[in-house]
Amino acid sequence: MRVLAAALAVAAAVTTTAAAAPERLTPVAGADKLVAPLGVDPACPAKIKIGMRSDARKASYATMNVEVDPPLTASRTMLTSYLPPGHQVMASLLVAVPPGTQQGTYGLRLRTQDRTLEVPVEVVPVDGLDNGGNLALRRPVTASSQHTNANYPPCSVADGDRSSNGWAGGNGWNDATARAWPDTLSIALGGPRQVSRVDLYTLDTERYPASRYGLRDWDVQAQVDGQWQTVAQVRGNTAGTARSDFAPVTADAVRIVALASNGANDYTRVIEVEAR
Ligand SMILES: [Ca+2]
């Protein structure tokens with residue numbers, strides 16, 4: 001048995017070497033396609049992870065070109081990185097949809113010297129988005145204030161990205177009024193919608209735990225017949241996510257009225273708000 005195992009190990013090693021022999025740089029993407037909604041705030045374009053993996057025998061500076069069909073625009077035209085064999089490098093790509101763009105499928109191509117990866121970009125109106133039941137997804141957001149740093153836009157709380165990773169990179173809202181309350185964050189729902197649940201994701205990472213940097217106290221409000229009414233209250237939160245369930249209301253908008261955070265600098269920091 002031992003001899004057989006050794007023979008198999010050699011065979012496996014040979015196979016691996018053979019596969020790695022060509023000098024290759026393979027484009028990779030974080031998803032098969034990118035859905036880019038029309039008419040959203042330019043501060044919150046569609047985003048996708050892109051990158052490249054080296055199967056070369058030696059480390060080198062690798063380059064990949066990024067092409068997108070007009071009128072769409074991409075945040076980079078190239079990705080360049082020092083890349084050892086067997087390693088992969090990833091980066092965020094933002095794809096903007098200018099006003100007046102026709103809905104439809106556009107091309108996004110990631111090109112290395114000998115390979116091209118095509119990632120279709122589907123441009124759809126917000127009403128045509130597969131929102132998974134989240135009525136707030138990609139709807140217009142207004143906030144009581146906006147941090148002078150443009151990397152905390154209000155629209156980022158409805159961009160579909162709940163992750164705190166990438167904080168300060170356009171993935172969450174930070175207000176502009178330290179130690180002053182309340183702060184408000186409103187999301188229009190695109191017409192009267194029945195709502196009975198709001199989930200709030202506040203900043204929560206290993207470096208910035210919600211128990212120090214997250215939102216502690218807030219009211220959830222719904223706009224019914226033009227009037228704001230409080231439908232739920234959260235007090236003493238220390239978690240990254242808080243779900244509020246309430247009796248169904250027919251609302252045109254939902255609003256978070258932030259009342260206190262958990263201490264550090266006392267700002268309001270919200271990653272995502274979802275309504276169902
Ligand atoms: Ca977000």
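Biologist: Which domains does the assignment give for the protein chain?

Modeller: Domain 1 covers 23-127 and domain 2 covers 132-275. Keep in mind that this is a predicted model. The centres of the two domains, taken over C-alpha atoms, are 29 Å apart.

Biologist: What makes residues of domain 1 and domain 2 count as being in contact?

Modeller: Their C-beta atoms, placed from the backbone, have to lie within 7 Å. Here 7 residues from domain 1 and 7 residues from domain 2 take part in the contact.

Biologist: And what sort of residues are on the side of domain 1 that touches domain 2?

Modeller: That side has 5 nonpolar and 2 charged residues, and no polar ones.

Biologist: Okay, on to the sheet. What is the strand order in the open sheet of 4 strands?

Modeller: The order goes 1-3-7-5, and the pairing is antiparallel.

Biologist: Why are strand 1 and strand 5 called edge strands?

Modeller: Each of them pairs on one side only: that goes for strand 1 (25-29) and for strand 5 (73-74).

Biologist: How do you know that strand 5 and strand 7 pair?

Modeller: Pairing takes at least two bridges. Strand 5 and strand 7 (residues 88-96) have 2 bridges, in the antiparallel sense, so they make the cut-off. As for T73, its bridge partner in strand 7 is A96.

Biologist: Where does UniProt put the "domain: F5/8 type C" feature?

Modeller: The UniProt record, an unreviewed entry, places that feature at residues 122-276. In the model, this span is 48% strand and 3% helix, and its end C-alpha atoms lie 24 Å apart.

Technical notes: Residues numbered from 1 in each chain as written. Predicted model: local features only at pLDDT ≥ 70, side-chain atom pairs only at ≥ 80, totals over all residues. Domains from an automatic or database assignment. Contact = placed C-beta atoms within 7 Å. Nonpolar A, V, L, I, M, F, W, Y, C, P; charged D, E, K, R; others polar. UniProt positions renumbered as here; feature names shortened; annotations may be inferred.
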